[in-house]
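Q: I am new to this structure and would like to learn how to read it. Could we go through it together?

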Amino acid sequence: MTKPRAAGRTVGGLRPLMLQAPAVTLLLLWMVVPLGMTVWFSLQRYNLLMPGMTGFAGLENYEYLFTDPALWSAMGTTLLMVGWILVITVVGGTLLAVLFQQEFFGRGIARVLVISPFFVMPTVSALVWKNMMMHPANGVLAWLAQLFGMQPVDWFSSLPLTSIIMIVSWEWLPFALLILLTAMQSLDEDQVEAARMDGAGPLSIFFFITLPHLKRAISVVVMIEMIFLLTIFAEIFVTTSGGPGLATTNLAYLIYIQALLDFDVGMASAGGVVAIILANIVAIFLVRMVAKNLEE
Amino acid sequence: MKLAYALPLAGVAAFGTVLGASAVQAETLTVATVNNNDMVIMQRLSSAFEEAHPDIDLEWVVLEENVLRQRLTTDIATNGGQFDVMTIGTYEAPIWAEREWLAPLENLPESYNQKDLLKPVMDGLSHDGKPYALPFYGESSMMYYRTDLFEQAGIEMTDQPTWKEVREWAGKINDPDKGIAGICLRGKPGWGENMAFVTTLVNTYGGRWFNMDWEPEIDSESWNEAINFYVDLLNNYGPPGASSNGFNENLALFSQGKCGMWVDATSAAGKLYNPSESNVADKLGFAPAPVAETPKGSHWLWSWALAIPASSNSKDAAKEFITWATSQDYVEMVGEKVGWTSVPPGTRESTYTNEKYQEAAPFADFVLDAIRDADPTDSTLKPSPYTGVQIVGIPEFQSIGTQVGQMIAAALTGEMSVDQALSNSQRATQRTMERAGYIK
């Protein structure tokens, strides 16, 4: 009763395709139905507050979206936010990974502590930062500033984007650290030892041995963070509500405003389609870059 | 085999009985409301209602104002039917009634004494002459000030303060070293937050949102003057972080003694006069909201009201609850059980003729006059096509007010200049109005 092991592998390539068909169909449905509905809604005149005004709108939603100065400002903000947070977390994460790789007293506890911000919910960490750290009257930062005789900074009104970047970087730095630290642990000690015997200083060891070794890990960190950072929402919602003005409105928040403050489903869907396209453009470049790195 | 089939069947049967039984026993009303103080009291006292109506169970959904508004609007616009009683405001009631989303509240029982309800408040909650919501509490706006600080600085409060005087006074009592700001005002963006106040300021400076052809007039001279004044006043004499202070934040600041003056809702008076909640209860003065060019539209009119969505399956029970919560008896119950300064203000004549209330609340007549005096149909110096004092009664206003509110907040923090904020607002409003088909 033993079956031939190669069964189904040959027959003109048809069998495997048929075997894969259910899974692929399900995946396609999973993706195509919501996407199709978003595209369909984006072509409709559909505002929850205007039950009378319905029907096919053609590209009107897109026309209004692309002539809206808020869209371009939101795209810029999105890229600025993602870019800065990536730089801070990757550079900071690499440096911290080197630091936490060293032997020192209480390393285990220190590692747990430094990683813990990642396990705090975004809403909670935003609230903590807003009310306990950055508050101009009761915050720790204001207290510190006064300790040194400086005027406390009203973070969310005078440096809104910087504040958001600080909060999100604080959340994601542990993630970068975690991945990079794991990568560090696979670094060949003998190689470092050999370099040291050849007279290489700590800086040369870092730049010529550690950093090239971390390259793959860094590209993985960049890719995963990018996916999540394009959709930062809770931190903005809790602290600045996208303002003042449009200073901290990113694409995700703009769509939220259109869908749930203006109740304009058509416009919000158009914004969603634009966001999908933007994410795909970024993803194509990124995945290529990372894939190249991984193949090497 | 038989047992295997029998077990789930028994389960289904048992479940059916439970369902059937509960349907007979009690009807469940889902009540959605705001987390404001007066509503929290209502929730606490509602056990009295449940005792009197054993066939009705209450289920509460208590949310923050902005979140509640989103939940209610999406629910009612998509005919979701999650709620049986909704807490809505003067802005929503007529717009939702026009869309037939609300059940009209007619044939109210004689004992409810509908004539006792204040007319301007009821007008705001009606559409085509029919009431669609019953007011839980109503408010206008007024100025609160610290009598001790005024005395120290040798300032005499006038019967009708002007904004020019307010600026002068704010300069005299502003004392950042002691943590006292000259004046606290709303700065947190939102059509129900900073724009409520800013619109009354613009009104009294002689401005309006739209001209008779629905063209926005936000880049006009009056707006410019008003916003420049507001930004200048708050930057010089306001509390730190003014752009994130809304009603609740300012209420906390003022009751902790950190503001010299505050112009905001009359409904704050009860809390400020309550010594257990406020440090300034014994040195509190009040005056009408300040004016500039014209007294028209210088103080707003708002009420939080209870309504029944057309999609509710328990309309009768819901009506029963609404008439209980907005009745004269309820007001008296709050007075007896919680204290007379805590009764929901601004809805009934009888509250204001009640001696106990007058004794506990020295501001009572003053508030009543302010509410009676506010006229949503005539709130701007030049004629305007919309109704509402601090709001524009069209569905697009939520979106417009939020956008403009953000711009004003940006002007307040110095993110952009007043001119730029106003021209951005003008452009954004123009776009929204074109899109909605008001102007071609």
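A: Happily! Let us start with an idea we will need later: a crossing of two helices is left-handed if the near helix is turned anticlockwise from the far one by less than a right angle, and right-handed if clockwise. Keep in mind that this is a predicted model.

Q: What is the handedness of the crossing of α10(A) and α13(A)?

A: The crossing of these two helices is left-handed. Their axes come within 9 Å and cross at roughly 160 degrees. Angles over 145 degrees count as roughly antiparallel, so α10(A) is roughly antiparallel to α13(A).

Q: Which residues of α10(A) and α13(A) meet?

A: A general idea helps here: an α-helix has 3.6 residues a turn, so residues three or four places apart point the same way. In this structure, Lys215(A), Ser219(A), Val222(A) and Met226(A) are among the residues of α10(A) in the contact. Their partners in α13(A) include Val282(A), Leu286(A), Val290(A) and Leu294(A). The residues of this contact divide into eight nonpolar, two polar and two charged.

Q: What happens at the ends of helix α9(A)?

A: At the N-terminal end, Asp188(A) acts as a cap, with a side-chain oxygen 3.3 Å from the backbone nitrogen of Asp190(A). Just after α9(A), Gly199(A) takes a positive phi of about 95 degrees.

Q: How many helices and strands does chain A have?

A: Chain A has 13 helices and zero strands. Its radius of gyration is 25 Å, well over the 19 Å that the globule rule gives for 296 residues, so chain A is more spread out than a compact globule. Along the principal axes, the C-alpha atoms fill a box of roughly 80 × 75 × 35 Å.

Terms used
Residues numbered from 1 in each chain as written. Chains lettered and ligands numbered in written order. Predicted model: local features only at pLDDT ≥ 70, side-chain atom pairs only at ≥ 80, totals over all residues. Heavy atoms only, no water. Polar contact = N/O pair within 3.5 Å; in protein donor to acceptor, adjacent residues only side chain to side chain. Helix = DSSP H or I, 4+ residues; strand = E, 2+ residues; numbered from the N terminus. Axes fitted to C-alpha atoms, helices over the stretch in contact; angles between N-to-C directions. Parallel < 35°, antiparallel > 145°, perpendicular 65-115°, else oblique. Contact = heavy atoms within 4.5 Å. Nonpolar A, V, L, I, M, F, W, Y, C, P; charged D, E, K, R; others polar. Rg over C-alpha atoms; globule rule 2.2 N^0.38 Å.
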